[in-house]
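Thanks for coming, everyone. I'll take a few minutes to walk through one model, from the inside out and back again.

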Amino acid sequence: MGVNVTCVDVAEDKINKLKQGIIPIYEPGLEKLVHKNYENGRLKFTTDLVSCLDDVEVVFSAVGTPPDEDGSADLKYVLEVARTIGKHINKYVLVVTKSTVPVGTAQKVKAAIQEELDKRGVNIEFDVASNPEFLKEGDAISDFMKPDRVVVGVESDRAKRLMERLYKPFMMNNYRLIFTDIPSAEMIKYAANSMLATRISFMNDIANLCELVGVDVNMVRKGIGSDTRIGGKFLYPGCGYGGSCFPKDVKALIKTAETKGYEMKVLKAVEEVNELQKSVLFNKLLKYFDGDLRGRTIAIWGLSFKPETDDMRKAPSLVIIDKIVQAGGKVKAYDPVAMEEAKRILGDRIAYANDMYDALPDADALLLITEWKEFRLPSWGIITKVMRQPILIDGRNIYDKKELEEFGLIYSCIGK
């Protein structure tokens with residue numbers, strides 16, 4: 001939109017790679033966007049936050065908030081950024097928390113900045129704001145350029161005017177900028193992710209019951225999703241949710257409630273259902289082989305927690321692979337994007353295929369874990385020819401049982 005942006009990170013290697021056009025994550029369209037704006041001089045990369053503080057109006061703090069040992073969000077990086085700002089600002093700046101942080105974090109950021117200013121004996125105005133992100137991995141650029149809403153928590157008119165200026169170009173056709181107080185903005189992010197996680201776990205719970213009582217969960221999903229009060233999104237059963245947001249945010253919200261003496265019973269159940277769901281494909285696999293996987297080779301399609309990303313944090317594939325290996329089975333896996341990340345995490349515990357068909361020769365079963373587009377319409381004739389046993393367990397319900405059985409495959413999915 002023509003804004004000058006400087007990206008700061010303490011990891012020198014990451015910054016140097018970004019300057020060379022090497023993007024540390026896979027996100028469709030991101031590489032092209034970074035190259036274009038870097039070459040045009042609107043986008044810069046540095047390891048020195050202090051060097052650019054005098055030239056900016058807004059600082060977005062987007063550092064990690066990993067879960068602490070007790071499940072609460074670890075704020076040490078957020079507060080470290082705040083202290084650095086307090087030590088070095090010489091003029092007004094708006095400090096915006098972009099990281100997902102518990103309610104009350106912005107006030108801690110404000111206090112940390114003010115404490116450093118007091119140590120310096122200077123009186124410099126600044127504001128804090130909360131601007132949680134709602135970007136979907138794999139569709140982040142579109143989500144940012146055409147947001148369904150932008151939530152901003154502020155406590156001054158000056159901060160509000162500045163954020164309005166910044167986001168107006170993204171909302172020329174439909175004004176979707178929601179201003180709240182800061183604690184509400186912080187809560188909105190956790191509540192939104194927790195609601196989506198709840199829908200997934202609810203549908204997985206229903207799917208498991210559907211199997212037991214002889215019902216097709218896809219028909220149930222369509223039936224309830226057509227109700228405008230419910231809608232059809234995030235009602236697809238599968239082998240559990242993963243990623244960097246849902247597991248961490250659900251856990252953090254549960255912990256926030258505990259600190260106030262309140263128990264989030266629904267979210268605890270959401271978390272429990274999700275952990276159990278990650279074992280569903282493994283349990284189905286065991287049934288086919290009478291509980292004994294020793295000497296069996298299992299092919300896996302899809303390792304990332306969802307399509308269009310290489311992110312494997314809390315991915316169901318990790319749980320499934322671990323269980324197969326512990327049971328004495330061998331795994332040969334393929335993912336269109338996440339192979340390097342898988343090698344970093346799993347090392348030589350599994351074998352890695354060069355493509356989707358390379359995973360199949362002499363396999364006793366195939367597990368579909370991530371629903372990448374290239375897996376949607378494979379050559380079933382090749383699959384039945386090269387596999388030792390034509391067993392396919394579909395963890396995302398993307399295939400048609402009748403069609404596969406016509407090719408001689410033994411097929412199983414979730415909730416049927």
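I'll cover the nonpolar cores, the cavity, a surface patch and then the salt bridges. One caution before that: this is a predicted model.

Start with the inside. In general, nonpolar side chains in soluble globular proteins tend to be buried together. Here, the largest nonpolar core has 56 residues. Which of them touch the most other members? They are L285, I300, W301, I324, L367 and Y399. Apart from that core lies another one, of 24 residues. Its members include V56, V78, V101 and I124.

Keep V101 in mind. It also lines the largest cavity, together with T97, S99, T100, S130, P132, E186 and K189. How many cavities of 30 Å³ or more are there? The count is 1. The space in the largest cavity is about 40 Å³.

Now the surface. M1, V3, V5, L135, F144 and M145 make up a nonpolar patch there. Together they have about 490 Å² of accessible area. Take V5 from that set. V5 sits in strand β1, which covers residues 5-8. Its relative accessibility is 38%, so V5 counts as partly exposed.

On to charges. Side chains of opposite charge can pair when their charged atoms come close. This model has 29 salt bridges. I'll show three.

The first pair is E125 and R158, at 3.6 Å from N to O. What does this pair tie together? E125 lies in the loop between α4 (105-120) and β5 (126-130), and R158 lies in helix α6 (residues 157-167), so the bridge links parts that are 33 residues apart in sequence. E125 is exposed, with a relative accessible area of 56%. R158 is partly exposed, at 39% relative accessibility.

Next, K278 and E275. Their closest N and O atoms are 3.7 Å apart. Is K278 buried or exposed? K278 counts as buried because its relative accessibility is 2%, under the 20% cut-off. Its partner E275 is at 44%, so E275 counts as partly exposed.

The third pair is D311 and R313, with the closest N and O atoms 2.9 Å apart. D311 has 7% relative accessibility, so D311 counts as buried too.

There is also a network. K255, E258, E263 and K268 are joined into one by salt bridges that share partners.

That's the tour. I'm happy to go back to any of these on screen.

Methods. Residues are numbered from 1 along each chain as its sequence is written. This is a predicted model: local features need pLDDT of at least 70, side-chain atom pairs count only at pLDDT 80 or more; totals for chains, interfaces and linings use all residues. Side-chain values use heavy atoms; hydrogens and water are left out. A nonpolar core is a set of buried Ala, Val, Leu, Ile, Met, Phe, Trp, Tyr and Cys residues joined through side-chain atoms within 4.5 Å. Buried means under 20% relative accessible area, exposed over 50%, partly exposed in between (1.4 Å probe, protein chains only). Patches are made of residues with over 30% relative accessible area and no salt bridge: like charges are joined within 9 Å, nonpolar side chains (Val, Leu, Ile, Met, Phe, Trp, Tyr) within 5 Å. Accessible areas come from the Shrake-Rupley method with a 1.4 Å probe; for residues, only the protein chains shown count as cover. A salt bridge is a side-chain nitrogen of Lys or Arg within 4 Å of a carboxyl oxygen of Asp or Glu. Helices (H or I, at least four residues) and strands (E, at least two) are DSSP runs, numbered from the N terminus. On a 1 Å grid over the protein atoms alone, a cavity is a set of points where a 1.4 Å probe fits but cannot get out, and a pocket is an open set with protein on both sides within 12 Å along at least five of seven lines; lining residues have an atom within 4 Å of a point. Grid points are joined across faces, edges and corners, and a volume is the space filled by probe spheres set on the points.
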